[in-house]
Amino acid sequence: MLKILVLHGPNLNLLGQREPGIYGTTTLATIDALLTQEATLVGAEVTTLQSNHEGILVDGIHNALGQCHGLVINAGAYTHTSVALRDAIAAVNLPTVEVHLSNLYKREPFRHHSHIAPVALGQISGFGADSYVLGLHALVRYLRAQPDLA
Ligand code: CA2
């Protein structure tokens, strides 16, 4: 069974409750339920963690070592600021897919740079809640292609 940790960064707990024009009307609980369901369909198991605190997300990444095969992360605004999250992902060296609800490159220039992207397998940005689902499938397909996990 492939085990995947899905990390949600700051303010994503407000999804569906504020700024629906940018972030949609789907709540984080709905996204988590969707991911759990999708994971089951492909023989994987998802654990989710949302935090508004950088260190808690760093701890979550560290704790995934030896427990999970890969990470899906929407680091929220920490995407653009956090060397600590980038270093944590690099340190555990777990395959990681970066996801974003909005299309970062259609937005303000400060959102165009990601500290996570250089340590991720790839990035999916702009498909709303589907970015997470696409990210999960991309990660599972990558992991299944690894000879030791097939
Ligand atoms: O598009 C994304 O997924 C982002 O990671 C969302 C972050 C933003 O800082 C990134 O540049 C792009 C913000 C998440 C804030 O979520 C909210 C949800 C509802 C209401 C207010 C904020």
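Contact here means heavy atoms within 4.5 Å. With that in hand, here's a quick tour of this predicted model. The chain has 150 residues and a radius of gyration of 14 Å, which agrees with the value near 15 Å that a compact globule would have. Its secondary structure comes to five helices and five strands, and two nonpolar cores get a look below, one of 23 residues and another of 17.

**Overall build**
- Going along the sequence, you'll meet the elements in the order β-α-α-β-α-β-α-β-β-α.
- The C-alpha trace spans about 40 × 30 × 25 Å along its principal axes.
- Take the contacts between residues at least 6 apart in sequence: 77% of them join residues at least 24 apart.

**Surface and charge**
- Of the 150 residues, 45% count as buried.
- The chain's accessible surface is about 7,500 Å², and carbon and sulfur atoms account for 54% of that.
- On the charge side, there are 8 positive and 11 negative side chains, with the centres of the two sets 5 Å apart.

**The nonpolar cores**
- As background, nonpolar side chains tend to be buried together in soluble globular proteins.
- The largest nonpolar core here has 23 residues, and the members touching the most others are Ile4, Leu35 and Tyr132.
- Two or more residues come from each of β1 (2–8), α2 (28–41), β2 (44–50), β4 (96–100) and α5.
- Helix α5 is the top contributor to this core, giving six residues.
- Another core, of 17 residues, lies apart from the largest one; Leu7, Leu57, Leu71 and Tyr78 are among its members.

**Tyr132 up close**
- Skipping residues up to four places away in sequence, Tyr132 touches Val6, His8, Leu12, Ile31, Leu35, Val72, Asn74, Val99 and Leu101.
- One of those partners, Leu35, is also listed with Tyr132 among the core members that touch the most others.

**Val133 up close**
- Val133 sits in helix α5, which covers residues 130–144.
- Val133 has a relative accessible area of 12%, so it counts as buried, the cut-off being under 20%.
- Beyond its neighbours within four places in sequence, Val133 is in contact with Leu34, Leu35 and Glu38.
- Leu35 therefore turns up in the contacts of Val133 as well as those of Tyr132, given the 4.5 Å limit on heavy atoms.
- Asp148 is 15 residues from Val133 along the chain, and their C-alpha atoms are separated by 24 Å.

Technical notes: Residues numbered from 1 in each chain as written. Predicted model: local features only at pLDDT ≥ 70, side-chain atom pairs only at ≥ 80, totals over all residues. Heavy atoms only, no water. Helix = DSSP H or I, 4+ residues; strand = E, 2+ residues; numbered from the N terminus. Rg over C-alpha atoms; globule rule 2.2 N^0.38 Å. Buried < 20%, exposed > 50% of the residue type's maximum accessible area, 1.4 Å probe, protein only. Areas by Shrake-Rupley, 256 points an atom, 1.4 Å probe, with all protein chains shown as cover. Lys, Arg positive; Asp, Glu negative; His and termini not counted. Charge placed at Lys NZ, Arg CZ, Asp CG, Glu CD. Core = buried A, V, L, I, M, F, W, Y, C linked by side-chain atoms within 4.5 Å.
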